[in-house]
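I opened this notebook to record what I looked up in the model, entry by entry. The entries go from the whole chain down to single residues.

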Amino acid sequence: MRNMDDTYMDMYGCKHDDLLSMMNNYPNPMNFRNGHFMLAMSILSDAQEAMVHSDNETARQYINRAKFVMREWRLDND
């Protein structure tokens with residue numbers, strides 16, 4: 001049976017705690033206006049860079065990270 005850390009590693013390339021840390025570490029983009037969007041755009045730029053190097057798996061994980069950030073913003077603002 002797989003645990004959640006394994007699932008997160010497959011989906012995002014990191015653990016859930018790492019995703020939360022990314023969103024909360026200094027400098028904390030969430031403190032800025034539209035911080036979640038700025039962070040998501042930055043992650044999507046990383047995905048584009050991975051695609052340039054034909055690293056589709058890493059690109060997929062970066063896109064999932066960006067979606068995680070946007071989902072967290074939505075949950076925080078509902």
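**Entry 1: the surface patch.** I began at the surface of this predicted model, where I found that α3 and α4 each supply at least two residues of a nonpolar patch. The members I noted down are Phe37, Met38, Met41, Met70 and Trp73, and together they make a patch of about 460 Å². When I sorted them by element, α3 turned out to give the largest share, three residues. I then checked methionine 70, which is found in helix α4 and which counts as partly exposed because its relative accessibility is 35%, between the limits of 20% and 50%.

**Entry 2: the chain as a whole.** I stepped back to see what carries this patch, and I listed four helices and zero strands for the protein chain, so that the order from the N terminus reads α-α-α-α. For the accessible surface I wrote down about 5600 Å², with 52% of that area belonging to carbon and sulfur atoms. Buried residues make up 29% of the 78 residues in the chain. I also looked at how the contacts are spread along the sequence: among those with a separation of 6 or more, 52% are between residues 24 or more positions apart.

**Entry 3: aromatic rings.** How many aromatic pairs does the structure hold? I counted three aromatic pairs. For phenylalanine 37 and tryptophan 73 I noted ring centres 5.1 Å apart and planes at 50°, and I entered the pair as tilted because this angle falls neither under 30 degrees nor over 60. Phenylalanine 37 sits in helix α3 (residues 35-52) and tryptophan 73 in helix α4, so this pair ties together parts that are 36 residues apart in sequence. Both rings had already come up as members of the nonpolar patch, and I looked up their exposure for that reason: phenylalanine 37 is partly exposed, with a relative accessible area of 34%, and tryptophan 73 is likewise partly exposed at 34%. Elsewhere I found Tyr8, Tyr12 and Phe68 forming one aromatic cluster.

**Entry 4: the nonpolar core.** I followed that cluster inward, since Tyr8, Tyr12 and Phe68 are also listed in the largest nonpolar core, which has eleven residues and includes Cys14, Leu19, Met23, Leu39, Ala40, Ile43, Ala66 and Val69 as well. To this core α1 (4-12), α2 (16-24), α3 and α4 each supply at least two residues. I took two of the core members for a closer look.

Alanine 66 is found in helix α4 and is buried, with a relative accessible area of 0%. Leaving out residues up to four places away in sequence, I found that alanine 66 touches Ala40, Ile43 and Leu44; for the last of these I also noted the backbone distance, the C-alpha atoms of alanine 66 and leucine 44 being separated by 6.4 Å although the two residues are 22 residues apart along the chain. With the same neighbours left aside, isoleucine 43 is in contact with Met22, Tyr62, Arg65, Ala66 and Val69.

**Entry 5: a polar residue under cover.** Is asparagine 64 buried or exposed? I found it buried, because its relative accessible area of 13% is under 20%. Asparagine 64 lies in helix α4 (residues 56-76), and beyond its neighbours within four places in sequence it is in contact with Met11 and Tyr12.

**Entry 6: charges.** My search for salt bridges gave a count of one. Glutamate 57 forms this salt bridge with arginine 60, and I recorded 2.5 Å between the closest N and O atoms. The two residues are three residues apart in helix α4, which means that about one helical turn separates them. As for exposure, glutamate 57 counts as partly exposed at 42% relative accessibility, and arginine 60 counts as partly exposed at 33%.

**Entry 7: an unusual backbone angle.** Last, I looked into the loop between α3 and α4, where serine 54 lies. Serine 54 has a positive phi of about 60°, although it is not a glycine. I entered serine 54 as exposed, because its relative accessible area of 60% is over 50%.

Methods
Residues numbered from 1 in each chain as written. Predicted model: local features only at pLDDT ≥ 70, side-chain atom pairs only at ≥ 80, totals over all residues. Heavy atoms only, no water. Buried < 20%, exposed > 50% of the residue type's maximum accessible area, 1.4 Å probe, protein only. Contact = heavy atoms within 4.5 Å. Phe/Tyr/Trp six-rings, centres within 6.5 Å; stacked < 30°, edge-to-face > 60°. Areas by Shrake-Rupley, 256 points an atom, 1.4 Å probe, with all protein chains shown as cover. Patch = residues over 30% accessible without salt bridge, like charges linked within 9 Å, V, L, I, M, F, W, Y side chains within 5 Å. Salt bridge = Lys/Arg side-chain N within 4 Å of Asp/Glu carboxyl O. Core = buried A, V, L, I, M, F, W, Y, C linked by side-chain atoms within 4.5 Å.
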